[in-house]
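Biologist: Hi! Could you walk me through this structure? I'm new to this, so plain words please.

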Amino acid sequence: MIKRAVELMMKRIVQKRMQEMLAPRQCQPDYEPMRLLLPPSDEPSVAKRVLAQLTEEEKISLLSGVDEFCIPGVPRLGLKRVWSSDATLGLRNWKTDVTDFPASSALASSFDRELLGRVGAVLGEECRALGVGVLLGPGVNLARVPVCGRNFEYFGEDPYLSGEMAAAYIKGVTTYPVITCVKHFACNNSEYDRHKSNSVVDERTLRELYLPAFKRSIEAGSLALMTSYNQVNGTYTSEHPYLLEGLLRGEWGFDTLVVSDWNSLYSTEGVLAHGVDLEMPGPRYLAKEQVQSCLQAGTARQSMIDEKVLHLLTTYEKAGLFSVPMADRKCKAATTGHRDIALEAACASVVLLKNEGALLPLAKEARLCIGGSLIGKASQGGGSSMVALQAGVPTLASVLEGQAERLPRFWYCNPAWRRKVAQADAVVLQVGFDHIEESEAYDKPWQLLASDKASIHQAAKLNAKTVVIVQSGGAVGMESWHAAVPAIFLSSFLGSSTAQALKALLFGEANPSGKLCHTLAHSLDEYRSMRTYPTDFAHLSLDRLRKGQGDPAVRSVGNLEYSEALMMGYRQFDTEKLQPLFCFGHGLSYTHFLYEDLECEAAPDGWKLSFSVCNGTERAGSEVCQLYVRPLEPKVFRPMQELKGFVKVHLGPQEMKRVSLDVPFSALERWDLERWAFVSDEGQYELCIGSSSRDIRLQCMVTYEKRKPEV
């Protein structure tokens, strides 16, 4: 207990320093377009025309950022500076009001592509309002370990879900001339010593789990990609010839911008030869002196620099930045409409884990006792994603004032408070983590605070109607207390929408529809990915935080072995028939849904499934219908089942809808090392429709046979 208190104090200091380093700047939108000063030319590419006019020094200046979040311009040619902004919870960096959204892990739990598209469109509009050209998101790294401090910035443990959520977000943002920058490429699944870690991953696991969401993001229109801090298989990603040249540029045909994460370069020669195009936040390894030294020594060629600059300029051209004002007066930020979408997203993302005896929703006139470490906070994750909330943002304690008594921290030591808890109509405890314990740069704890666990146990003994709301960007330890309480909500960070969303869900003004985007185990050692993970993950080390950042000569790199391979998340639990505490895709509602009448029809490129979903109650609600594919005759080892489709269905009271899901042949694929390609094996597959990975309602069998070429 004392050790954790000391850790918390140190983390508060770290977060304060981070926020000082990342202090917001004045917003001064530029409403004028670029007016490029170029001679006449038959060259159709504006990017190539600009490149042809740049001097060597001007080209080198475009290899690194300025002013922390800005890409420099070339005034001589009318090439303007382009600003970037962090994006995970909303536009960060600016001294102006913006809309803050639920964290990505919350948005993922909505399983709602249409909603993510609207969230993206709001972010795109606010970029245009503020004059931001590059939105540094979305993040699509998987929640490989439940203790990664940055899991809240990502879309959960499944590559298909992550890819679909990211694609919807990107399509929304890019309805405006804004560049999205998908991150962090690749295998940045840990914040434990991120500058000095080497993710050791086999090729099949890399291809099937950790790369698909990046590929899907690029297909959806992301014109920029950010590399990560870590090494992958012995090489830093910022200068990784296989990942950047062979795969990204070669196989995927990506011809636009690759940017470094902040202070994540470790050499000059490697980066010039096969690394990022842009060093952020400023020149260090790609400073003029270092680059010119490599040119003079013959370890770099001018064509390497030209190629990087062309990638940057091509990105501008494809996004339309050469032809529009840098900011748009018609676009607005922090409007009432935008905040309504943020609140809708918050309500749609909270997961009702259990609701024994239909305790929830609570009666509107219920007299409550409320407490927990977060009851007076609107929690966010920490680090570079943290948006400064407006003053006076409500908390659950403030919106329940008048019908609830707030419990002090150690209320259970006071007989008077114990009597009040026993006599209350219900008890609501809001517990979990905030930006101090859950942040980039270090991992998060698995267990709740001891005082919160004690509060849960004591409240449950005194009052059978105890509701626990857990806020965490990922899975959290519940084994010691979950059975004691009848109702549990799990919510990621909801920011300024926290109080309104949670109150609406508690009292039935909104109906829970969120689903778990990760597996919640009984204990940490049940996760295979944790069995080789550093045991001191929760310890904050200043050496790991600061010593050797961006300097390969200081401290050695340690391996993070992905020895679980494909057995990560629900793939492991379902294949091993290991019962989790709460499974992937799980989430209850105040409504009951019936599935029936599954039909499967052959299509030219797969199968088309259709089935009926019925709301069996008088309350409107939403259900996420999930498709899992099971290979029945695998030619090689495969997980028991994998998510390959989902659709969110909104149903009125007693309403029934016919739902369709397409199952392309690609849903059967696995990576084949010999053929170095994704292949679909012939044989039988089971197509399963369910309310979660463990609650399968309908299923059918199909046979896949490779087509013979026509003569």
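Biologist: What radius of gyration does the protein have, and what would a compact globule with 711 residues have?
Modeller: The protein has 26 Å, and a compact globule with 711 residues would be near 27 Å, which agrees. The radius is taken over C-alpha atoms, and the globule rule is 2.2 Å times the number of residues to the power 0.38.

Biologist: Where do these numbers come from?
Modeller: This is a predicted model, where local features need pLDDT of at least 70 and side-chain atom pairs count only at pLDDT 80 or more, while totals for chains, interfaces and linings use all residues. Residues are numbered from 1 along each chain as its sequence is written, and side-chain values use heavy atoms, leaving out hydrogens and water.

Biologist: Cool. How many helices and strands does the protein have?
Modeller: There are 19 helices and 25 strands. Both are DSSP runs numbered from the N terminus: helices are H or I with at least four residues, strands are E with at least two.

Biologist: And what share of the residues count as buried?
Modeller: 62% of the 711 residues do. Buried means under 20% relative accessible area, exposed is over 50%, and partly exposed is in between, using a 1.4 Å probe and protein chains only.

Biologist: Let's pick a residue. Where is Phe 322, and is it buried or exposed?
Modeller: Phe 322 lies in the loop between helix 12 (302-319) and helix 13 (336-349). Its relative accessibility is 12%, so Phe 322 counts as buried.

Biologist: Which residues does Phe 322 touch?
Modeller: Not counting residues up to four places away in sequence, the list includes Met 34, Leu 36, Val 46 and Tyr 316. A contact means heavy atoms within 4.5 Å. Phe 322 and Arg 35 are 287 residues apart in sequence, with their C-alpha atoms 7.9 Å apart in space.

Biologist: New topic: what does Ser 589 touch?
Modeller: Leaving out residues up to four places away in sequence, Ser 589 touches Leu 352, Asn 511 and Pro 512. The side chains of Ser 589 and Asn 511 share a polar contact of 3.0 Å. That term means a pair of N or O atoms within 3.5 Å; within protein, one must be able to donate a hydrogen and the other to accept it, and residues adjacent in sequence count only if both atoms are side-chain atoms.

Biologist: Which backbone nitrogen lies 2.9 Å from a polar atom of the Ser 589 side chain?
Modeller: The one of Thr 591.

Biologist: How about Asp 681, where is that?
Modeller: Asp 681 is in the loop between strand 23 (677-679) and strand 24 (683-690). With a relative accessible area of 6%, Asp 681 is buried. Its side chain makes a polar contact of 2.5 Å with that of Arg 670.

Biologist: Last one: what order do the strands have in the open sheet of four?
Modeller: The order is 20-19-24-25, with antiparallel pairing. Strand 20 (642-651) and strand 25 (696-704) stand at the edges with a single partner strand each, so one side of each has no neighbour in the sheet. Two strands pair if DSSP finds at least two bridges between them.

Biologist: Over how many bridges do strand 19 and strand 20 pair?
Modeller: Nine, in the antiparallel sense, with strand 19 covering residues 621-631. Tyr 628 stands opposite Leu 643 in strand 20.
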